[in-house]
Amino acid sequence: MSTHNLIKKPSIHNLQGKKLKQQKLSMLTCYDFTFAQIMNETAIDMLLVGDSGVMTQLGYPDTTHATIDMMCFMTQAVVKGAPDKFIVADMPFLAQRQGIAHAIYCADRLIKCGANAIKIEGVNGHQEVIAHIIESGIPVMGHIGLTPQSVHSLGYKVQGKDQEAAKNLKEQALQLQEIGCFSLVMECVPSELAKEISQMLSIPVIGIGAGNDADGQVLVLQDMLGLNSHLQPKFVRHFLNGFNDIKAAFDAYHHAVQSGDYPNKQESYDIKIA
């Protein structure tokens with residue numbers, strides 16, 4: 001029997017209930033149908049169709065290259081492969097900064113593609129946009145700390161390292177909760193700060209590079225599978241030696257073809273032509 005048949009699709013209330021029960025939440029990024037099918041058979045709580053897909057799938061240097069069409073394309077694929085999972089889709093770069101009408105347009109498209117919620121980076125300067133989206137009936141997950149869409153101004157470095165910056169992150173977290181976000185991602189912040197914010201909020205806090213005291217964790221799929229051999233941030237653990245294992249399979253296929261071992265008799269259609 002498939003594992004997913006035993007697991008009811010989570011809802012926002014289920015996810016928030018896990019925080020009350022002090023049960024950790026698991027989240028992974030996903031961008032395509034094949035991996036989504038596999039994840040659908042697991043106990044993973046949430047899938048994030050991240051704008052990081054433009055880096056892992058399309059080779060762009062950062063997430064600012066994501067468009068709403070790209071995000072919809074990936075979201076549709078993941079929804080088809082993982083119908084039993086709670087799926088969050090990223091709003092693309094600047095979608096929330098071009099006015100309420102454009103933000104609603106983008107959020108509407110992602111929801112109609114099958115996403116159960118959207119994720120919006122940052123809060124300063126677009127509080128009203130987030131509030132309007134939530135008031136329109138679309139669940140929103142916030143994202144504070146290192147926000148990759150701000151790479152050109154923030155860089156890829158730990159946030160909240162001094163008292164003023166830590167205070168600012170606490171204020172952002174409270175503001176997102178007050179606006180009505182059902183959860184938030186907190187990326188690359190000191191562990192003690194992440195613990196304090198997680199305990200301060202009633203909504204689940206999903207950490208990435210934020211220590212073990214957040215209410216859950218999220219990782220980029222390719223990082224977790226060890227597919228990026230050239231890059232391993234401090235917070236990433238490889239749960240599979242994917243790069244080397246898959247490379248070995250490619251080489252084995254090449255040698256089997258060259259040696260004439262593949263395809264063998266059992267793998268060929270040995271049919272007499274009448």
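## Exercises on a predicted model

The protein, shown here as a predicted model, has eleven helices and eight strands.

**Exercise 1.** Describe the overall dimensions and surface of the protein.

*Solution.* Begin with the extent: along the principal axes, the C-alpha atoms fill a box of roughly 75 × 40 × 35 Å. Next, take the accessible surface, which comes to about 14,500 Å²; carbon and sulfur atoms account for 55% of this area. Then turn to the interior: of the 274 residues, 46% are buried. Finally, consider the charges: the mean positions of the 22 positive and 27 negative charges lie 4 Å apart.

**Exercise 2.** Determine how helix α6 packs with helix α8, and which residues make the contact.

*Solution.* First, locate the elements: α6 spans residues 127–135 and α8 spans residues 163–179. Second, consider the geometry: the helices pack at an angle of about 30 degrees, and their axes are 9 Å apart. Third, list the residues: Q127, I130, A131 and I134 of α6 meet Q175, L176 and I179 of α8. Fourth, classify them: five residues of this contact are nonpolar, two are polar and none is charged.

**Exercise 3.** Establish whether A194 is buried or exposed, and identify its contacts beyond four places in sequence.

*Solution.* Start with the position: A194 belongs to helix α9, residues 191–200. The relative accessibility of A194 is 0%, and the limit for a buried residue is under 20%; therefore A194 counts as buried. Leaving aside neighbours within four places in sequence, A194 contacts M186, V189 and A210. For the pair A194 and A210, the separation is 16 residues in sequence, while their C-alpha atoms are 5.8 Å apart in space.

Methods:
Residues are numbered from 1 along each chain as its sequence is written. This is a predicted model: local features need pLDDT of at least 70, side-chain atom pairs count only at pLDDT 80 or more; totals for chains, interfaces and linings use all residues. Side-chain values use heavy atoms; hydrogens and water are left out. Axes are lines fitted to C-alpha atoms, for helices over the stretch in contact, and angles run from 0 to 180 degrees between N-to-C directions. Helices (H or I, at least four residues) and strands (E, at least two) are DSSP runs, numbered from the N terminus. Contact means heavy atoms within 4.5 Å. Ala, Val, Leu, Ile, Met, Phe, Trp, Tyr, Cys and Pro count as nonpolar, Asp, Glu, Lys and Arg as charged, and the others, Gly among them, as polar. Buried means under 20% relative accessible area, exposed over 50%, partly exposed in between (1.4 Å probe, protein chains only). Accessible areas come from the Shrake-Rupley method with a 1.4 Å probe; for residues, only the protein chains shown count as cover. Lys and Arg count as positive and Asp and Glu as negative; His and the chain ends are not counted. The place of a charge is taken as NZ of Lys, CZ of Arg, CG of Asp or CD of Glu.
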